[in-house]
Amino acid sequence: MHKKSAAIILAAGKGLRMGTDVPKQYMILEGQPVIYYSLAAFDNSKIDEMVLVAAKEEMSYVKELLAAYSFQKPLLLVAGGEERYHSVYQGLLALKDRNIKKVLIHDGARPMLTEIMINDILGQLDDHPAWIVGVPVKDTIKVLNEQQEVMHTPNRERLWQVQTPQSFEYAQILKAYQQLILDKREVTDDSMVYEYYIQKPVKMLESTYENLKITTPEDMLLAREILKNRQKKAEKEK
Ligand code: CTP
Ligand code: MG
């Protein structure tokens, strides 16, 4: 039987750094909620299924939102958890027994990903079981001590800013997350979980600076401009 691919789209965060009443993933960006853009990109890609992870308290709102769009792919809706990694784990569990081989884990607060990027990653997973996407850092990075003194300046050529989707062979990342949940270790991305528990190389696929995460208000301004620019380009190509 054909082994499938799935996307876990995370939308269970509170958006504290944005500071708005409406969580950032539901804020309106060029006429659509931020979360719409990731769902649409996956729906238009070669992925087989989607899981949307949302906060328990926002389930009825999200159901209404989904009903307003007609996405083609099977879409499971599950409740997230306290931290991002709890939400990822709930997404992974929802895919158990669904014959999944490849899984892409994506921040719903990153609306600029494209179906081309998704299809590229799906292709890369045929050759290697763990991929992250990112871009070289533009600024010099300093490592400080607790007194705000510079301790160390890492070589910029080796520093990359990490984005999502982060993509893995499903069985491996599920196993890694099961360990993490038992250990109660703090992590900041999915690759860290894989690095620690699977201990096999994770490869970096170069993405674009446009694939930003909406975190603070100025990110909305930038996302709006990028979207407008894309729309202009698309109209020219018509
Ligand atoms: N996320 C999630 N479950 C959580 C925390 C985060 O599904 N318990 C999701 C967010 O909705 C977001 C993505 O993970 O799409 C990246 O997290 P982040 O940018 O940190 O979003 P928030 O946690 O919502 O924002 P903040 O940290 O500012 O509160
Ligand atoms: Mg957060």
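Start by selecting E82 together with ligand 1: a backbone N or O atom of E82 lies 3.0 Å from a nitrogen atom of the ligand. You are looking at a predicted model, so read each distance as computed from predicted coordinates.

**Around the ligand**

Stay here and add G81 to your selection. A backbone N or O atom of G81 sits 2.9 Å from a nitrogen atom of ligand 1. Now add R84, where a backbone N or O atom is 3.4 Å from a nitrogen atom of ligand 1. How much of the ligand's 570 Å² does the protein bury? Taken alone, ligand 1 exposes that area, and the protein buries 88% of it.

Next, show the residues that surround ligand 1; there are 19 of them. The closest are G15, L16, R17, S87 and K213, so colour those five if you like.

**Into the largest core**

Hide the ligand for a moment and go to the largest nonpolar core, which has 41 residues. Select I9, I35, L39, F42, L52 and L104, the residues with the most contacts inside this core. Then colour the elements that each give two or more residues to the core: the strands β1 (4-11), β4 (49-54) and β7 (130-136), and the helices α1 (34-43), α2 (59-67), α4 (115-124) and α7 (217-237). Which element gives the largest share? That is α1, with eight residues.

Zoom in on F42. Leaving aside neighbours within four places in sequence, F42 is in contact with A7, I9, I47, M50, K73, L104, H106, L113, I118 and P165. Try showing these side chains as sticks and clicking through them one by one.

Where do A6, Y89, Y170 and A176 belong? Select them, and you have members of another core, of 28 residues, that lies apart from the largest one.

**Stepping back**

Now zoom out and switch to a cartoon view. The secondary structure of the chain comes to seven helices and 12 strands. Along its principal axes, the C-alpha trace spans about 50 × 45 × 40 Å. A compact globule of 238 residues would have a radius of gyration near 18 Å, and the chain has 18 Å, which agrees.

Colour the chain by burial, and buried residues should make up 46% of the 238. Turn on the surface to finish: the accessible surface comes to about 13,200 Å², and 50% of it belongs to carbon and sulfur atoms. If you draw contacts between residues with a separation of 6 or more, 73% of them join residues 24 or more positions apart.

Terms used. Residues numbered from 1 in each chain as written. Chains lettered and ligands numbered in written order. Predicted model: local features only at pLDDT ≥ 70, side-chain atom pairs only at ≥ 80, totals over all residues. Heavy atoms only, no water. Core = buried A, V, L, I, M, F, W, Y, C linked by side-chain atoms within 4.5 Å. Buried < 20%, exposed > 50% of the residue type's maximum accessible area, 1.4 Å probe, protein only. Helix = DSSP H or I, 4+ residues; strand = E, 2+ residues; numbered from the N terminus. Contact = heavy atoms within 4.5 Å. Near = heavy atom within 4 Å. Polar contact = N/O pair within 3.5 Å; in protein donor to acceptor, adjacent residues only side chain to side chain. Areas by Shrake-Rupley, 256 points an atom, 1.4 Å probe, with all protein chains shown as cover. Rg over C-alpha atoms; globule rule 2.2 N^0.38 Å.
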